[in-house]
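Here's a quick briefing to read with the coordinates open. Have a look at the model first, then work through the points below.

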Amino acid sequence: MTEDNYSLTTEFILIGFTDHPEMRSLLFVVFLTIYVITMVGNLGLVALIFMERRLHTPMYIFLGNLALMDSCCSCAITPKMLENSFSKDRMISLYECMAQFYFLCLAETADCFLLAAMAYDRYVAICSPLQYHTMMSKKLCIQMTTGAYIAGNLHSVIQIGFLFRLTFCGSNQINHFFCDVLPLYRLSCVDPYMNELMIFIFAGSIQLFTVGSVLISYFYILFTIFKMKSKEGRSKALSTCASHFLAVSIFYGSLIFVYIRPHSVKEEDKDIPGAVFYTIVIPLLNPFIYSLRNKEVINALKKIIRNIL
């Protein structure tokens with residue numbers, strides 16, 4: 001096919017969740033509420049950690065950066081989704097698409113490494129408490145946090161770079177609520193095999209390394225917990241680890257399901273359910289899972305509220 005036979009597509013239509021006006025209005029209210037709670041929860045947690053000196057420890061530095069990346073993820077996806085709830089054309093340009101995916105990829109990749117760092121931090125705190133300040137120094141904390149952001153940016157740049165090799169000349173309808181790469185691969189006039197291979201290699205390697213780190217850390221944590229003599233201490237530690245591990249499992253599980261499962265490019269009907277979890281549900285839940293069960297965060301929040309009042 002020559003260039004004269006078709007015109008290149010530079011704008012796309014985001015189909016979203018539904019075409020029914022009543023359902024779109026309802027979903028607008030639901031997702032606007034989730035977005036506001038997500039932003040207040042995550043940015044509030046970032047501000048709290050920044051303002052309270054007692055929270056300037058590796059655990060809370062990782063948690064603050066995780067909350068910042070969850071805010072980035074929500075900002076990349078939700079505003080456009082809310083706009084499209086009342087938009088007639090629901091258009092998004094190719095460059096807006098790339099920008100949206102860039103920030104999403106940055107946030108999700110950084111989250112993977114930050115969650116692995118948090119798991120390692122908990123491993124050191126529970127399994128080697130006397131060596132905590134030696135093994136988890138501020139220098140190492142800064143290096144791990146910086147590494148998460150570098151990895152996120154590199155992965156985003158690589159994936160966006162490979163998107164430039166694709167051309168789009170057929171349908172411009174993306175069956176999704178945001179501009180993900182897998183729906184774009186399906187619309188490409190160029191064989192996206194190389195893109196599929198790159199996302200499998202990079203996403204797979206990131207998942208393998210970070211999930212492996214989390215699993216190994218939690219294995220040693222659980223082994224140490226079960227050796228505790230105090231039933232109360234064991235129960236408290238298990239309760240905290242269980243909630244953290246549940247959030248981590250949902251996050252990694254949804255990413256693996258969407259990007260690394262076999263034939264992920266062909267099975268478009270399975271994109272949206274998995275994407276809802278890692279773009280909307282997890283950013284909403286993380287600040288509450290990691291902070292509401294934490295006495296230090298609750299005490300710092302009470303202190304600031306007392307000072308304001």
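R122 is partly exposed, with a relative accessibility of 21%, and its side chain meets that of D121 in a salt bridge, 2.8 Å from N to O. Keep in mind that this is a predicted model. D121, the acidic partner, is buried at 1% relative accessible area. The rest of the briefing covers the other charged pairs, then the nonpolar parts, then a few buried residues in the helices.

**Salt bridges**

- How many salt bridges does the structure hold? The count is four, and the R122–D121 pair is one of them.
- Why can such pairs form at all? Side chains of opposite charge can pair when their charged atoms come close.
- R54 and E52 also meet through their side chains, with an N to O distance of 3.2 Å.
- Is R54 buried or exposed? R54 counts as exposed because its relative accessibility is 54%, and the cut-off for that label is over 50%.
- E52, on the other side of that bridge, is buried at 7% relative accessibility.
- Bridges with shared partners tie E52, R54 and K303 together into one network.
- E83 pairs with K80, and their closest N and O atoms are 3.6 Å apart.
- These two sit three residues apart in helix α2, so about one helical turn separates E83 from K80.
- E83 is partly exposed at 46% relative accessibility, whereas K80 is buried with a relative accessible area of 14%.

**Nonpolar core and surface patch**

- In general terms, nonpolar side chains tend to be buried together in soluble globular proteins.
- Here, the largest nonpolar core contains 88 residues. The ones with the most contacts inside this core are F12, F177, Y259, Y278 and Y290.
- Which helix gives this core its largest share? That is α3, which supplies 17 residues.
- There's nonpolar material on the surface too: M23, L26 and V30 make a patch of about 250 Å².
- V30 belongs to helix α1, which covers residues 21-51.
- V30 has a relative accessible area of 37%, so it is partly exposed; patch residues need over 30%.

**Helix α1: N42**

- N42 is another residue of helix α1, and at 1% relative accessibility N42 is buried.
- What does the side chain of N42 have as a polar neighbour? One of its polar atoms lies 2.9 Å from the backbone oxygen of P283.
- Past its sequence neighbours within four places, N42 is in contact with A67, D70, S71, P283 and P287.

**Helix α2: S74 and L82**

- S74 is located in helix α2, and its relative accessibility of 3% makes it buried.
- Not counting residues up to four places away in sequence, S74 touches Y35, T38, M39, P79, T279 and P283. P283 thus turns up in the contacts of S74 as well as in those of N42.
- From S74 to L104 the C-alpha distance is 8.5 Å, with their positions 30 residues apart in sequence.
- L82 lies in helix α2, which runs over residues 58-84.
- Is L82 buried or exposed? L82 counts as buried, with 10% relative accessibility.
- Leaving out residues up to four places away in sequence, L82 touches F28, F31, L32 and Y35. Y35 is also one of the residues that S74 touches.
- L82 and V258 are 176 residues apart in sequence, and their C-alpha atoms are 23 Å apart in space.

**Helix α3: E108**

- E108 is part of helix α3, residues 94-127.
- E108 is an acidic residue that counts as buried, because its relative accessible area is 6% and buried means under 20%.
- Which residues is E108 in contact with, setting aside neighbours within four places in sequence? They are C73, F251, Y278 and T279.
- Two of these names come up elsewhere: Y278 is among the core residues with the most contacts, and T279 is touched by S74.

Terms used:
Residues are numbered from 1 along each chain as its sequence is written. This is a predicted model: local features need pLDDT of at least 70, side-chain atom pairs count only at pLDDT 80 or more; totals for chains, interfaces and linings use all residues. Side-chain values use heavy atoms; hydrogens and water are left out. Patches are made of residues with over 30% relative accessible area and no salt bridge: like charges are joined within 9 Å, nonpolar side chains (Val, Leu, Ile, Met, Phe, Trp, Tyr) within 5 Å. Accessible areas come from the Shrake-Rupley method with a 1.4 Å probe; for residues, only the protein chains shown count as cover. Helices (H or I, at least four residues) and strands (E, at least two) are DSSP runs, numbered from the N terminus. Buried means under 20% relative accessible area, exposed over 50%, partly exposed in between (1.4 Å probe, protein chains only). Contact means heavy atoms within 4.5 Å. A polar contact is a pair of N or O atoms within 3.5 Å; within protein, one must be able to donate a hydrogen and the other to accept it, and residues adjacent in sequence count only if both atoms are side-chain atoms. A nonpolar core is a set of buried Ala, Val, Leu, Ile, Met, Phe, Trp, Tyr and Cys residues joined through side-chain atoms within 4.5 Å.
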